[in-house]
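Work through the exercises below with the sequence and the model side by side. Try each task before you read its solution.

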Amino acid sequence: MHVPQDSSARWTLVWRVLVSLIMLVGIRVLSSLSPTECDGIAAAVHDDFPDLPVEIYAASTGIEISLHDADTASPEHHGRHVLVSVARWLDPWVDPAMIDGAAAAANSGSFAIWLLGDGLPAAQLLTCALQVATRCQRFVQSRNEHSRTELFERVLAAHRAAHDLTLPLVAADYAHALDTHRWVLRLCPNASLALQISALFHDIERLVSESRQRVEQHAPDYVAFKLAHARAGAQVAERILVEAGAPDDLVHRVAELIAEHEQPSRDEELALLNEADGLSFFSLNASGFIRYYGIEHCRLKVRYTLRRLGNRGRAALMSFRHHPTVARLLAEELAPEPASSKVQASELAQ
Ligand SMILES: [Fe+2]
Ligand SMILES: [Fe+2]
């Protein structure tokens, strides 16, 4: 293999090799739907995941719907796939992390997800396809006009190189970083390069303080802990981006966004970063979070994260599967206050 001498070209090559290890290239729904129902599902999934063109074709098992990356071979050529029972996925008592292990095991090459839903109505298949795509969106390559550049590939390579994926907590942080980047592009398809890079690096500080064990549950002041984490992360990101050859104005803006990323803001990019980060907590991290920290700290985290979501983020909360206990905590937080407690609150204010 030819190895380029120029350092930026080398980073790009490294990134391409790494990306080839973890790429979701297709979702296929196996069912006996009519062509019209298939067209409807395909169009709806494509709306949410335009990076995965939808392809529909007939097969002996009925009609198959598949999504695959435009640059890759037909789904027929996928070496690996993960099977998901639609009925099981839609069971609200099942943890959506149920597919994470299989996806991780399949990711030593490009892979597809097959949804098995014969006999189920089209609406359930569509719901499942969208929710599973969200759960696995970190494996999908997404770029826009600002990130379809060699600089972004170089930054991605530097970001990946900073993570030791043999450490479980670091691997979880890496998955969360990619997932937050995908949420940014879903919420704002023309997101700036600075915002996209901030999404990738926003929690980079955890590589310093929490790579082997988490400590946030011991913080006497949770908000102060999070603000300090954000400010320290800006400095770490700055150093990595300078080494990767990012221009000064870009480095400055990324550092500014990361330093403030734990607080809702009127700055539109900061608001987007907050929402993407919060949505990634609920759509990906929450299962592992509640296992690691337990229910009481998770309740605090749900409350804290909800405060970071605007209307756009809160609406998106309904579009994916939640861990069953987190769904309950969320419902409790979102429930309107009972009239009796409102009276008490108003009395206290007098
Ligand atoms: Fe953070
Ligand atoms: Fe985060």
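## Exercise 1: A buried tryptophan

With 26 C-beta neighbours inside 10 Å, Trp183 counts as buried (20 or more other C-beta atoms within 10 Å make a residue buried, 12 or fewer exposed, and in between partly exposed; C-beta atoms are placed from the backbone). This is a predicted model: local features need pLDDT of at least 70, side-chain atom pairs count only at pLDDT 80 or more, and totals for chains, interfaces and linings use all residues. Residues are numbered from 1 along each chain as its sequence is written, and chains are lettered from A and ligands numbered from 1 in the order in which they are written.

Task: Where is Trp183 found, and which residues is Trp183 in contact with, leaving aside neighbours within four places in sequence?

Solution.
- Step 1. Find the element. Trp183 sits in helix 7. Helices (H or I, at least four residues) and strands (E, at least two) are DSSP runs, numbered from the N terminus.
- Step 2. List the contacts (C-beta atoms, placed from the backbone, within 7 Å). Leaving aside neighbours within four places in sequence, Trp183 is in contact with Ala276, Leu279 and Ser280.
- Step 3. Check a C-alpha distance. Ala199 is 16 residues from Trp183 in sequence, and their C-alpha atoms are 8.9 Å apart.

## Exercise 2: The whole chain

Task: How many helices and strands does the protein chain have, and what percentage of its residues count as buried?

Solution.
- Step 1. Count the elements. There are 16 helices and five strands in the protein chain.
- Step 2. Turn to burial. The protein chain has 350 residues, and 41% of them count as buried.
- Step 3. Look at sequence separation. Take the contacts in the protein chain with a separation of 6 or more; 78% of them come from residues 24 or more positions apart.

## Exercise 3: The cores

Task: Which residues touch the most other members of the largest nonpolar core, and which helix supplies the largest share?

Solution.
- Step 1. Fix the term. A nonpolar core is a set of buried Ala, Val, Leu, Ile, Met, Phe, Trp, Tyr and Cys residues joined through C-beta atoms within 7 Å.
- Step 2. Name the residues. The largest core has 49 residues, and Val155, Val184, Leu195, Ala237, Val254 and Ile258 touch the most other members.
- Step 3. Find the helices. Those that each supply at least two residues of this core include helix 6 (150-161), helix 7 (168-187) and helix 12 (268-293). Helix 12 gives the largest share, 11 residues.
- Step 4. Zoom in on one member. Not counting residues up to four places away in sequence, Ile258 touches Ser198, Phe201, His202, Ala230, Gly233, Ala234 and Ala237.
- Step 5. Look for another core. A second, separate core has 26 residues, including Ile41, Val86, Leu130 and Val140.

## Exercise 4: Helix 2 and helix 5

Task: At what angle do the axes of helix 2 and helix 5 cross, and which residues meet?

Solution.
- Step 1. Recall the method. Two packed helices are described by the angle between their axes and the distance between the axes. Axes are lines fitted to C-alpha atoms, for helices over the stretch in contact, and angles run from 0 to 180 degrees between N-to-C directions.
- Step 2. Read the values. The axes of helix 2 (residues 35-48) and helix 5 (residues 122-135) cross at roughly 25° and come within 10 Å.
- Step 3. Classify. Helix 2 and helix 5 are therefore roughly parallel (angles under 35 degrees; over 145 is roughly antiparallel, 65 to 115 roughly perpendicular, the rest oblique).
- Step 4. Name the partners. Glu37, Gly40, Ile41, Ala44, Val45 and Asp48 of helix 2 meet Ala122, Leu125, Leu126, Ala129, Leu130 and Ala133 of helix 5.

## Exercise 5: Two residues compared

Task: Are Thr127 and Gln263 buried or partly exposed?

Solution.
- Step 1. Take Thr127, in helix 5. Thr127 has 20 other C-beta atoms within 10 Å, so Thr127 is buried.
- Step 2. Take Gln263, in the loop between helix 11 and helix 12. Gln263 has 13 other C-beta atoms within 10 Å, so Gln263 is partly exposed.
- Step 3. Add distances. The C-alpha atoms of Thr127 and Phe320 are separated by 8.5 Å, with their positions 193 residues apart along the chain. For Gln263 and Thr305, 42 residues apart along the chain, the C-alpha separation is 9.7 Å.

Technical notes
Two residues are in contact if their C-beta atoms, placed from the backbone, lie within 7 Å.
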